[in-house]
Amino acid sequence: MESTTKEKNHNIIKALLLTINGIAIFAGLFVLISLLFPLVSYKVNVFGYNYGSVSENAYQFLRFYSIIVNKDWIIALVGSFTIFILTFSVLLIILNICSIFKFTDKKILPFITIAVCFLFEIVYMLAGVIIVSKYKGNYTTTSFIGLIVMFFIALVYVILVLVLKNIEKKQKRTEDILSDNNLNKKELFVDNYNVDNNESNDDRVIALLNKYKSLLDNGVITQEEFNEKKQTLLKNY
């Protein structure tokens with residue numbers, strides 16, 4: 001029963017770690033997709049009539065030329081940041097994929113990925129805000145959408161990490177119960193256990209019942225095993 005519980009917990013932990021890596025990979029992919037969101041849009045009005053709008057995203061700034069923005073320093077800054085974001089996003093995706101195929105208990109890589117991707121979305125939003133703030137007229141930006149979505153991705157990541165820590169904590173508590181009492185399965189389930197009707201044995205029976213109850217509460221033994229050992233102890237007592 002103990003080995004089965006440990007194996008089950010190990011499988012759950014492994015599944016959670018893989019899911020966390022998957023979330024990190026999705027975050028990196030989303031950053032690449034979010035660069036398609038219009039960084040700046042301009043509504044074309046002629047004599048009060050709206051003739052549509054012209055938009056440019058971060059990928060279009062990679063050519064270091066813009067039909068909307070006429071400030072060279074903004075174009076150079078956005079183009080450079082886009083190259084930087086693309087490079088590191090792809091690198092983080094590759095590292096997380098490698099982490100999945102080479103299973104590891106370390107969770108620092110997904111954390112770094114989520115944090116960096118969140119930072120990228122902040123930078124992208126600020127770039128859109130800066131561009132719009134430098135011009136007057138019908139200039140708008142939707143660069144903030146990526147940051148909103150990334151917030152929910154980070155929230156899912158935090159929830160998964162908390163669930164993982166709770167399972168690991170419960171598993172450690174179960175192992176501590178066995179080690180602290182210096183007992184193992186062989187000692188706990190001796191069928192020929194007999195006690196004498198005296199005070200010292202009374203204390204020992206109560207102590208064993210408490211240990212069985214702790215093991216039951218932590219999922220180490222089943223209710224049937226607990227009832228069987230309890231009946232055996234009380235019968236001998």
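This report describes the fold, surface and selected residues of one protein in a predicted model.

**Confidence and overall make-up**

The mean pLDDT of the protein is 79, and 78% of its residues reach at least 70. Confidence varies along the chain: helix α3 (residues 108-133) has the highest mean, 90, whereas helix α5 (residues 185-188) has the lowest, 47. Across residues 181-199 the pLDDT falls below 50, and this stretch makes 28 contacts in the model beyond near neighbours in sequence.

Seven helices and three strands make up the secondary structure. Read from the N terminus, their order is α-β-β-α-α-β-α-α-α-α. The protein has 237 residues, of which 36% count as buried. When contacts between residues at least 6 apart in sequence are considered, 69% of them join residues at least 24 apart. The exposed area of the protein is about 14,200 Å², with carbon and sulfur atoms supplying 63% of it.

**Helix α2 and the nonpolar patch**

Helix α2 spans residues 72-101. It contains 30 residues and extends 44 Å from its first C-alpha to its last, close to the 44 Å expected at 1.5 Å a residue.

The buried residues of α2 are Ile74, Ile75, Val78, Gly79, Thr82, Ile85, Leu86, Ser89, Leu92, Ile93, Asn96 and Ser99. An α-helix has 3.6 residues a turn, so residues three or four places apart point the same way. Several spacings in the buried set can be read against that rule, including the one from Ile75 to Val78 to Thr82.

Helix α2 also contributes to the surface. A nonpolar patch of about 790 Å² is formed by Trp73, Leu77, Phe81, Phe84, Phe88, Leu91, Leu95, Leu126 and Ile130. Both α2 and α3 supply at least two residues of this patch, and α2 gives the most, with seven. One of the patch residues, Trp73, belongs to α2 and is partly exposed because its relative accessibility, 46%, lies between the limits for buried and exposed.

Thr87 is a further residue of α2. Its relative accessibility of 48% places Thr87 in the partly exposed class. The C-alpha atom of Thr87 is 10.0 Å from that of Leu32, although the two residues are 55 apart along the chain.

**The salt bridge and the loop before α2**

The whole structure contains one salt bridge. It joins the side chains of Arg63 and Glu56, with a distance of 3.0 Å from N to O. The two partners differ in their surroundings: Glu56 is buried, at 1% relative accessibility, while Arg63 is partly exposed, at 46%.

Strand β2 covers residues 49-56, and Phe64 lies in the loop between β2 and α2. Most residues other than glycine have a negative phi. Phe64 departs from this pattern, having a positive phi of about 55 degrees although it is not a glycine. With a relative accessible area of 39%, Phe64 is partly exposed.

The table below collects the accessibility of the individual residues discussed.

| Residue | Relative accessibility | Class |
|---|---|---|
| Glu56 | 1% | buried |
| Arg63 | 46% | partly exposed |
| Phe64 | 39% | partly exposed |
| Trp73 | 46% | partly exposed |
| Thr87 | 48% | partly exposed |

How values were computed
Residues numbered from 1 in each chain as written. Predicted model: local features only at pLDDT ≥ 70, side-chain atom pairs only at ≥ 80, totals over all residues. Heavy atoms only, no water. pLDDT = per-residue confidence, 0-100. Helix = DSSP H or I, 4+ residues; strand = E, 2+ residues; numbered from the N terminus. Contact = heavy atoms within 4.5 Å. Salt bridge = Lys/Arg side-chain N within 4 Å of Asp/Glu carboxyl O. Buried < 20%, exposed > 50% of the residue type's maximum accessible area, 1.4 Å probe, protein only. Areas by Shrake-Rupley, 256 points an atom, 1.4 Å probe, with all protein chains shown as cover. Patch = residues over 30% accessible without salt bridge, like charges linked within 9 Å, V, L, I, M, F, W, Y side chains within 5 Å. Expected span 1.5 Å × (residues − 1).
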